[in-house]
Amino acid sequence: MAEVNQVDRKVLRVLSGEALSPPPAWMMRQAGRYLPEYRATRAQAGSFLDLCYSPDFAVEVTLQPIRRFGFEASILFSDILVVPHALGQDVRFVEGEGPRLDPLHGRAEFERLRAAEDPAVFDHLAPVFETVARLRRELPAETTLLGFCGAPWTVASYMIGGRGTPDLAPARALAKADPALLNALIDRLVAVQTEYLVRQLRAGADAVQIFESHAGTLPEAGSDGADPLARWSFRPISRMIEGIRAEVPGARIIVFARGSGLDGHARVVPETGADAVGVDWAVDLAELRRRLPASTVTQGNLHPDILIEGGEALDEAVDAVLEATRGLPHIFNLGHGITPQTPVAHVERMLARLRGA
């Protein structure tokens, strides 16, 4: 984990429980297709995975939104699916369609994956750690550097289905037909991704975020009546956080459990041990803050579509987030990733409204 010394990294101050006005800001997917400079670099890099695995290109696209907007945090440019790729699963990105993997239908495919202890896993991921180390050297000293990975359930759902599906039917079906196999896959992901985040922190990341992008589409409760959100999502994440902090004491960790609803968001910090809960756009932020202890750190909530709309609607939405979190520790962000059709001018307007508050 990077040494802060006397540098004022505002996101880290908030993650320590301090309320700042205005709150520090960054955006999920802030290095992405809405930026013309990203599109130019992406064209140079070749495939999307080449972009992720080339430190030269990955550092460049990570720095682009910092240069343009001066966000208080920068997030490593990579993808949650580099982990299954490192485990030996075929992963590719189809232009206009997204990721495609060779589906993990059953035990035969699982047995072909690399073990968590296989040195080849982290040899494969070495370019990511080089990117983190270079970013920490090249970013402004006051900019918080975030690493990340996907949560075990979210990554497993892609590995099983071979792609993102609206209802995650393949992963849900495997949970019903062979829960022991799904448990084994999640256990492997917990082990690998715990070490993956530890190495990001040691390479220079100041904090990390765990993306549970599919918290709203979990298997049904089994015959034992176990709560699916706890069983498949929060407990594995909690194990990761315990493992990370055993290696990096005091590590700062954000958990984003998209689609888990108001009740699920309220459970994130107490059940996972995270330092902050990322709030998706579907949750009433004011109501969530009323349910949470004042010391709980929140992040996000602005609807990405409002950022596309712009104008007075955007101003009002920014003001609503500020009002809901006034005097409370909050990191300004979207409630999901920025979309490619977002006008750059709208991002500038959002930040001007935020910073002028």
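In this predicted model, Ile254 of β6 has Ala276 as its bridge partner in β7, and this pairing is a convenient place to enter the sheet to which both strands belong. β6 and β7, the latter made of residues 276-279, run parallel to one another and are joined over three bridges. On another flank, β6, which spans residues 252-257, is linked to β5 by six bridges, again in the parallel sense. Two of the residue pairs can be followed by eye: Ile210 is partnered with Val255 of β6, and Phe211 is partnered with Phe256 of β6. Strands of a sheet are held together in this way through backbone hydrogen bonds, whether the pairing is parallel or antiparallel.

Stepping back from these pairs, the reader will find an open sheet of seven strands, arranged in the order β1-β4-β5-β6-β7-β8-β9 and paired in parallel. The edges are occupied by β1 and by β9 (residues 330-331), and because each of these has a single partner strand, one side of each is left without a neighbour in the sheet. The situation of β6 can be described by burial: five of its six residues are buried, and therefore the strand is largely enclosed by the rest of the structure. A helix also packs here, since α11 lies across β4 (residues 144-150) and β5 and runs at about 165 degrees to β4.

The loop that leads from α11 (179-203) into β5 (207-212) contains Asp206. With a relative accessible area of 1%, Asp206 falls under the 20% cut-off and so counts as buried. The side chain of this buried aspartate makes a polar contact with the side chain of Arg136, at 2.7 Å.

From the sheet, the path leads to the annotated residues. An unreviewed UniProt entry carries the annotation "binding site" for Arg29, Gln30, Ala31, Gly32, Arg33, Asp79, Tyr158, Ser213 and His336. These positions are spread over 308 residues of sequence, and they are also spread in space, with C-alpha atoms up to 22.7 Å apart. Even so, the lining of the largest pocket includes Arg29, Gln30, Ala31, Gly32, Arg33, Asp79, Tyr158, Ser213 and His336.

Two of these residues can be examined in more detail. Gly32 sits in the loop between α1 (10-15) and α2 (36-45), and it counts as buried because its relative accessibility is 10%, under the 20% cut-off. Asp79 is in the loop that joins β1 (73-75) to α5 (82-86), and its relative accessible area of 17% places it among buried residues as well. Leaving aside residues up to four places away in sequence, Asp79 touches Phe48, Cys52, Phe93 and Phe148, while its side chain reaches the backbone nitrogen of Leu81 at 2.8 Å.

The unreviewed UniProt entry also gives the annotation "domain: Uroporphyrinogen decarboxylase (URO-D)" to residues 24-33. That span is 0% helix and 0% strand, and the C-alpha atoms at its ends lie 23 Å apart. The loop between α1 and α2 also holds Pro22, and the peptide bond from Ser21 to Pro22 is cis, with omega near -5 degrees.

Backbone geometry of this kind deserves a second look, since most peptide bonds are trans and most residues other than glycine have a negative phi. Leu168, in the loop between α9 (152-161) and α10 (169-177), has a positive phi, near 50 degrees, without being a glycine. Its relative accessibility of 2% is the reason why Leu168 counts as buried. Asn301, in the loop between β8 (297-300) and α15 (304-309), likewise has a positive phi, of about 100 degrees, although it is not a glycine. Asn301 counts as buried too, with 11% relative accessibility.

The walk ends beyond the edge strand β9, where Thr339 lies in the loop that runs on to α17 (344-355). Not counting residues up to four places away in sequence, Thr339 touches Tyr34 and Ile308. Thr339 and Asp305 are 34 residues apart in sequence, and their C-alpha atoms are 8.2 Å apart in space.

Terms used:
Residues are numbered from 1 along each chain as its sequence is written. This is a predicted model: local features need pLDDT of at least 70, side-chain atom pairs count only at pLDDT 80 or more; totals for chains, interfaces and linings use all residues. Side-chain values use heavy atoms; hydrogens and water are left out. UniProt positions are given in the numbering used here, feature names are shortened, and annotations may be inferred rather than shown by experiment. On a 1 Å grid over the protein atoms alone, a cavity is a set of points where a 1.4 Å probe fits but cannot get out, and a pocket is an open set with protein on both sides within 12 Å along at least five of seven lines; lining residues have an atom within 4 Å of a point. Helices (H or I, at least four residues) and strands (E, at least two) are DSSP runs, numbered from the N terminus. Buried means under 20% relative accessible area, exposed over 50%, partly exposed in between (1.4 Å probe, protein chains only). Contact means heavy atoms within 4.5 Å. A polar contact is a pair of N or O atoms within 3.5 Å; within protein, one must be able to donate a hydrogen and the other to accept it, and residues adjacent in sequence count only if both atoms are side-chain atoms. Two strands pair if DSSP finds at least two bridges between them. Axes are lines fitted to C-alpha atoms, for helices over the stretch in contact, and angles run from 0 to 180 degrees between N-to-C directions.
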